[in-house]
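User: Please take a close look at the side-chain contacts in this structure. I want the aromatic pairs and the salt bridges.

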Number of protein chains: 2
Amino acid sequence: MSDMADKILDAAEDRIRAFGFHGFSFRDLASDVGIKSASVHYHFPSKADLGVRVARRYTERFLASLPDPAGTPHNECFDRYRLAFRSAIVDGGRMCMCGMLGAEIDGLPEEVRAEVRTFVDRNIDYLERCLGDRDRAWQMFALLEGAMIAARGSGRPEAFDLATQHLATALTAAAGA
Amino acid sequence: MSDMADKILDAAEDRIRAFGFHGFSFRDLASDVGIKSASVHYHFPSKADLGVRVARRYTERFLASLPDPAGTPHNECFDRYRLAFRSAIVDGGRMCMCGMLGAEIDGLPEEVRAEVRTFVDRNIDYLERCLGDRDRAWQMFALLEGAMIAARGSGRPEAFDLATQHLATALTAAAGA
DNA sequence: GTCTATAATTTGATAGAC
DNA sequence: GTCTATCAAATTATAGAC
């Protein structure tokens, strides 16, 4: 993977998280990284290819950034997970990329859809190991994705905390009990 | 408001909820309702106009479909709210329109963004009257929007129930107490 | 109100020179 | 790897006939 390919993926990730998959063009990305759109196609032949690659990198990076539930107290484990979402929306104003792509799922190339499903499945598996319960994993995943929507839709980043703070505390307490 | 304008708004609402604001064209809508794209522009001069009108109609209709919290037990009131979201995703596979637009907020015309904020604010007000607590209103709003994302992203409509069933029960019980 | 026609721009994508 | 040049199709939008 070349430096330039990585820079293009960075730009694509940022634009997907801000505008959605149909909210940017190869020319936008080219301008972001300082080359021409034909050169972007050299690295990623089609937009579907690009979507698959950026979604896959996002999933791997995100999961790799999380603590191992086997070696971390469950309370801390879930709180770290919540803070990863929080900093994206509060510090950068960005959606979770796979939350955005999940909303737009019907309009995505099938290969990209498959990557989104993988992200969700692996996050649910992770949260189940954190929280000890699969239903609770779905609840927390939904709560965090929705808190991002609430923050963006209302124009109030603090909505993320209003939505997640108390519940997250209560649920990790329940999980620890 | 003419019949045709309403049919166009129906088509626009369905396409926004499936594909997002940038996921369809005036020609798509024209084809949906059986006219030409130039005629769509007769009813809605620009895509921003269309976005404002469809978002405003969605907000009014959605709130009008809900029971009055003053004359309805709070448990039942919130459950009806939850079921409105549930049937959209489980029966039709569609996002809440303002959840979709909230995710895409950075790419929307400013007039449309304002309508999304209004939707969120009025829904939070409604939920506060249902649940008796403003934080809990944000929590439930986030949970329901996120449960739609989880269902779409995973390709599993039942994820909506896994995410919302137990928590919703617990929280309306707490609200009733 | 709807049509045909069309303008102006943008988009995803390719060919071929360097 | 990046460029210029270009393409075919699509997009938002307008003008003017019916």
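Analyst: The aromatic contacts come first, then the charged ones.

This is a predicted model, in which local features need pLDDT of at least 70, side-chain atom pairs count only at pLDDT 80 or more, and totals for chains, interfaces and linings use all residues. Residues are numbered from 1 along each chain as its sequence is written, chains are lettered from A and ligands numbered from 1 in the order in which they are written, and side-chain values use heavy atoms, without hydrogens and water.

Rings of Phe, Tyr and Trp (its six-membered ring) pair if their centres lie within 6.5 Å; planes under 30 degrees apart are stacked, over 60 edge-to-face, and the rest tilted. This rule gives 20 aromatic pairs over all chains. One of them joins A:Tyr58 and A:Phe119, tilted, with 5.5 Å between centres and 35° between planes. A:Tyr58 sits in helix α4 (residues 47-64) of chain A and A:Phe119 in helix α7 (residues 110-131) of chain A, so the pair ties together parts 61 residues apart in sequence. Helices here are DSSP runs (H or I, at least four residues), numbered from the N terminus. Both A:Tyr58 and A:Phe119 are buried. Buried means under 20% relative accessible area, exposed over 50%, and partly exposed in between (1.4 Å probe, protein chains only). A:Tyr58 and A:Phe119 also belong to one aromatic cluster, with A:Phe62, A:Phe78, A:Tyr81, A:Phe85, A:Tyr126 and A:Phe141.

In chain B, B:Tyr81 and B:Phe85 both lie in helix α5 (residues 74-92), four residues apart, about one turn of the helix. B:Tyr81 is buried at 0% relative accessible area. B:Phe85 is buried too, at 3%.

Now the charges. A salt bridge is a side-chain nitrogen of Lys or Arg within 4 Å of a carboxyl oxygen of Asp or Glu. The whole structure holds 38 salt bridges over all chains. A:Arg17 meets A:Glu13 at 3.0 Å, N to O. Both lie in helix α1 (residues 3-19) of chain A, four residues apart. A:Arg17 is buried at 13% relative accessibility, and A:Glu13 is buried at 13%. A salt-bridge network links A:Arg17 and A:Glu13 with A:Asp6, A:Asp10 and A:Arg57.

In chain B, B:Arg57 and B:Asp6 bridge at 3.2 Å, N to O. The pair links distant parts of the chain: B:Arg57 in helix α4 (residues 47-64), B:Asp6 in helix α1 (residues 3-19), 51 residues apart. B:Arg57 is buried at 13%, whereas B:Asp6 is partly exposed at 25%.

Methods: Helices (H or I, at least four residues) and strands (E, at least two) are DSSP runs, numbered from the N terminus.
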